[in-house]
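Reader: Could you take me through one part of this structure in close detail? I would love to see how a sheet and the helices around it fit together.

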Amino acid sequence: MSPIKVDDSMPTISPLQFSTRAIHVGNSPSAETGAVIPPLSLSTTFEQESVGVHKGFEYSRSQNPTRLQLETSLASLEGGAGALAFASGSAATAAAVMSLGVNAHILSVNDVYGGTARYLTRVGQATQGLKTTFIDLETSSDEDIYNSIQENTKLIWIESPTNPTLRLISVPKLVKIAASHPSKPLVLVDNTFLSPYFSNPIAQGADIVLHSISKYINGHSDVIMGALIVRKGREETLEGLRFLQNASGAIPSPFDCYLTLRGIKTLALRALQHGLSALRIANFLSTHPLVESVTYPGLVSHPSHDLAKSALAPQVWRDLKKIGWNEAVGVPFGGMVSFKIRGGGEEADQFLQASHLFCLAESLGGVESLAEVPDKMTHAGIPEEARLALGITPNLIRLSVGVEDTEDLVADIDQAIRRAVSVASA
């Protein structure tokens, strides 16, 4: 990691660890008052000394002090040249796609987030003449992936792990394939499921990282926001996206930026606990007699376990070493767990009703635990045949494991499973 300067008033410290950057970068005390918490700037406009002479701010759509603090923090956490905050993850997706121009082609993982698929196929195609090829980027051969890239392919869209089947894709492999093709498409990774604590796609060679900030980065289920972070060497791409951010005006409010900056300060603590609890739950589910299967890449039994370990960021290994972690039980790999309860849709529905600690709700990444059935909720818009082909069956349950006491969560899952199967079979 290269030396990082927190701000112009502080000496260079090399290297700052992740949790230190999460607290300090973008959060320097106020130069005016010394306030430890930077003030929230709600102003829409800013005084100019003379025409065109100002302190870097003219109008809050173009830039706002609080938003700039957040973007500085995000760029540091992902190791990028710069970051841009948007009103939602969907707005960030729209900007990334709009930046490709007309008649471009995107190569995308086949079980991409439903909102992304909707934008690519129903908005991008209608307004930009965009064409998208969806393929299995996890199991397809290098040759098949290479041959799927076209002359006008501008972008390869990756989610790893995917939602809700938690399939993993090797970012370095896709980066290598993209670089070897004459069209040299950019590689974008949606890192929402892992957060920059667990994985840093830019360090693996990705050009752009996308986040739904609403999830782990904010972490408190009270903000809707998205972000794009661009790697060093792609400053032209960054400026093009910045132009679209300003032109479209799909920006977050300063207050939401303020809340997210507060959430980021505890990201390392929260993320590790999410992962430790998720791994404990996954191991428990893997031996439960009423569970058909469990999917969590951190499990030693997961077919992509080695890839999961290789994708973990250095800060994870550092924190695990501090607590004397035993890899024989697996490794924490985010807070998302998917499992199939024995039976069908009725058993899944009963589980959601029987749980006391897992709130029946969409979204993920908050401090509270959530549960949902993708077949009827987040992925209901996907045709049934396609859902089944991806393994999204009526009995598949997706858990977003919060930071409650781990054993309380295990006990709640156990009683909910047993009650669900009992009620459904009565």
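Author: Happily; here is a walk from the strands of one sheet out to the helices beside them. Please keep in mind that this is a predicted model.

Let us begin with the sheet itself. Five strands form an open sheet with mixed pairing, in the order β8-β9-β12-β11-β10. The edges belong to β8, residues 291-295, and β10, residues 359-360. Each of these two has a single partner strand, so one of its sides is left without a neighbour in the sheet.

For β8, the neighbour is β9, which covers residues 336-341; the two strands run antiparallel and are joined by four bridges. Within this pairing, T295 has S338 of β9 as its bridge partner.

Now for the helices. Helix α13, residues 345-354, packs on the sheet and touches β9, β10, β11 (370-372) and β12 (396-400). The directions of α13 and β9 make an angle of about 130 degrees. Helix α15, residues 406-425, also packs on the sheet, where it touches β8, β9 and β12. Its direction makes about 25 degrees with that of β9.

From α15 we can step on to another helix, α10, which spans residues 267-286. The axes of α10 and α15 come within 10 Å and cross at roughly 35 degrees, and this crossing is right-handed. On the α10 side, the contact is made by Q273, S277, R280, I281, F284 and L285. Facing them in the contact, α15 contributes T406, E407, L409, V410, I413, D414 and I417. Sorted by class, the contact holds seven nonpolar, three polar and three charged residues.

Terms used:
Residues numbered from 1 in each chain as written. Predicted model: local features only at pLDDT ≥ 70, side-chain atom pairs only at ≥ 80, totals over all residues. Heavy atoms only, no water. Pairing = 2+ DSSP bridges. Contact = heavy atoms within 4.5 Å. Axes fitted to C-alpha atoms, helices over the stretch in contact; angles between N-to-C directions. Left-handed = near helix turned anticlockwise from the far one by under 90°. Nonpolar A, V, L, I, M, F, W, Y, C, P; charged D, E, K, R; others polar.
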